[in-house]
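Open the model in a viewer and keep the sequence beside it. The tour below goes from one selection to the next and says what is there.

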Amino acid sequence: MAGASPTALPRSFVLARRVFLTLLTGFVLLPVYVMASSSLKPLKDVSGRFRWLPSGLTVRPYLDIWKTVPLAKYFVNSLIVAGAATVLSVVVAVLAAYAVSRYRFRGKRVFTVTVLSTQMFPGILFLLPLFLIFVNVGNTTGVALYGSRGGLILTYLTFSLPFSIWMLIGYLDSVPRDLDEAAMVDGCGPLGALLRVVVPAAVPGIVAVAVYAFMTAWGEVLFASVMTNDTTRTLAVGLQGYATQNDVYWNQVMAASLVVSVPVVAGFLLLQRYLVAGLTAGAVK
């Protein structure tokens with residue numbers, strides 16, 4: 001075709017790509033529409049046959065979700081647990097990854113492989129051992145780990161730390177060592193070089209680790225259902241309170257699910273560019 005660019009894609013390919021992306025977008029947004037529309041319906045409309053176009057809309061479910069169950073308390077518990085697990089994961093992962101990336105020591109390769117190999121095991125294998133450890137520690141020392149926020153934070157660290165360390169090792173390997181050496185020439189020690197030079201250069205990787213650790217703790221159900229009680233229960237488990245012996249408040253379940261997802265979605269949108277850079281920077285060297 002005259003005037004067409006030699007690198008232009010065939011029109012059939014462009015059309016097929018648009019159709020595929022449209023179908024994929026619809027597939028992704030369809031559950032969101034069902035949740036949003038159901039959260040704005042009265043309970044009698046949600047309990048019956050689903051209607052794509054609601055006959056009436058109400059914001060009452062968004063007001064009732066805070067009264068049916070103590071959602072605010074669960075929200076605070078989730079924020080404390082997920083936030084603390086994220087901060088500790090980032091701090092420990094940065095220190096461990098910096099040591100592995102910058103120093104040579106015996107067993108370095110074994111340590112790296114061991115850290116990564118822990119991701120092969122399903123989390124349910126650790127449920128009973130961690131439960132017994134927490135109970136025995138509480139009986140021996142009086143430190144209540146079982147049923148506490150601290151115990152749940154330690155539990156989430158066991159899952160987020162290995163992958164966080166491995167991810168940051170690959171990212172810090174891509175940060176030039178000349179930056180460390182220049183900082184040390186200016187009078188910084190190893191810790192000063194890490195905090196003043198390496199950490200600012202590794203912000204995308206650190207953000208990726210933080211997002212991963214937060215999402216791991218925020219939506220986890222299995223350990224939160226076993227390791228918590230009525231006082232320390234998190235959102236992922238607290239949503240079960242909308243199902244009673246007599247009825248299930250589906251409109252409130254949908255409304256609460258949307259409210260719960262707001263922090264994760266907002267954080268992901270705000271940190272998206274750092275997250276993508278952190279996940280891809282260390283992939284190719």
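Start by selecting Phe163 and Trp166 in helix α7 (residues 149–173); helices are DSSP runs of H or I with at least four residues, and strands are E runs of at least two, both numbered from the N terminus. The two residues are three positions apart in this helix, so about one helical turn separates them. Their rings make a tilted aromatic pair, with 5.9 Å from centre to centre and 35° between the planes. Rings of Phe, Tyr and Trp (its six-membered ring) count as a pair if their centres lie within 6.5 Å; planes under 30 degrees apart are stacked, those over 60 edge-to-face, and the rest tilted. Phe163 is partly exposed at 24% relative accessible area, and Trp166 is partly exposed at 38%. Here buried means under 20% relative accessible area, exposed means over 50%, and partly exposed lies in between (1.4 Å probe, protein chains only).

This is a predicted model, in which local features need a pLDDT of at least 70 and side-chain atom pairs count only at pLDDT 80 or more, while totals for chains, interfaces and linings use all residues. Residues are numbered from 1 along each chain as its sequence is written, and side-chain values use heavy atoms, with hydrogens and water left out.

Keep Trp166 selected and add Val113. Their C-alpha atoms are separated by 9.0 Å, although the two residues are 53 apart along the chain. Val113 sits in helix α5 (residues 108–117) and is partly exposed, at 48% relative accessible area.

Now colour by pLDDT, the predictor's confidence in each residue on a scale from 0 to 100. The protein averages 83, and 93% of the residues score at least 70. Which elements have the lowest and the highest mean pLDDT? Helix α14 (residues 272–280) has the lowest, at 62, and α4 the highest, at 91.

Go to α4 next and select Phe75 together with Trp218. The structure holds eight aromatic pairs. In the pair of Phe75 and Trp218 the ring centres are 5.7 Å apart and the planes stand at 80°, so the pair is edge-to-face. Phe75 belongs to helix α4 (residues 71–102) and Trp218 to helix α10 (residues 203–218), so the pair ties together parts that are 143 residues apart in sequence. Both partners are buried: Phe75 has a relative accessible area of 17%, and Trp218 has 6%. Add Phe214 to the selection, and the three residues Phe75, Phe214 and Trp218 form one aromatic cluster.

Stay in helix α4 for Ser78. Is Ser78 buried or exposed? At 3% relative accessibility, Ser78 is buried. Leaving out residues up to four places away in sequence, Ser78 touches Gly83, Trp218, Thr234 and Leu235; contact means heavy atoms within 4.5 Å.

Move to helix α1 and select Ser38. Ser38 is buried, with a relative accessible area of 4%. Beyond its neighbours within four places in sequence, Ser38 is in contact with Val46, Phe50, Asn251 and Met254.

In the same helix, α1 (residues 11–39), select Val32. Val32 is partly exposed at 43% relative accessible area. Extend the selection to Phe20, Leu21, Leu24, Phe27, Val28 and Leu29, which form a nonpolar surface patch with Val32, with about 710 Å² of accessible area together. Patches consist of residues with over 30% relative accessible area and no salt bridge; like charges are joined within 9 Å, and nonpolar side chains (Val, Leu, Ile, Met, Phe, Trp, Tyr) within 5 Å. The areas come from the Shrake-Rupley method with a 1.4 Å probe, and for residues only the protein chains shown count as cover.

The last stops are salt bridges, each a side-chain nitrogen of Lys or Arg within 4 Å of a carboxyl oxygen of Asp or Glu. How many salt bridges are there? The count comes to three.

- Select Arg60 and Asp64: their closest N and O atoms are 3.2 Å apart. They lie four residues apart in helix α3 (residues 60–68), so about one helical turn separates them. Asp64 is buried at 18% relative accessibility, whereas Arg60 is partly exposed at 44%.
- Select Lys44 and Asp45: the closest N and O atoms are 3.5 Å apart. Lys44 is exposed at 66% relative accessible area, and Asp45 is partly exposed at 24%.
- Select Arg233 and Asp230: the closest N and O atoms are 2.8 Å apart. Arg233 is partly exposed, with a relative accessible area of 24%.
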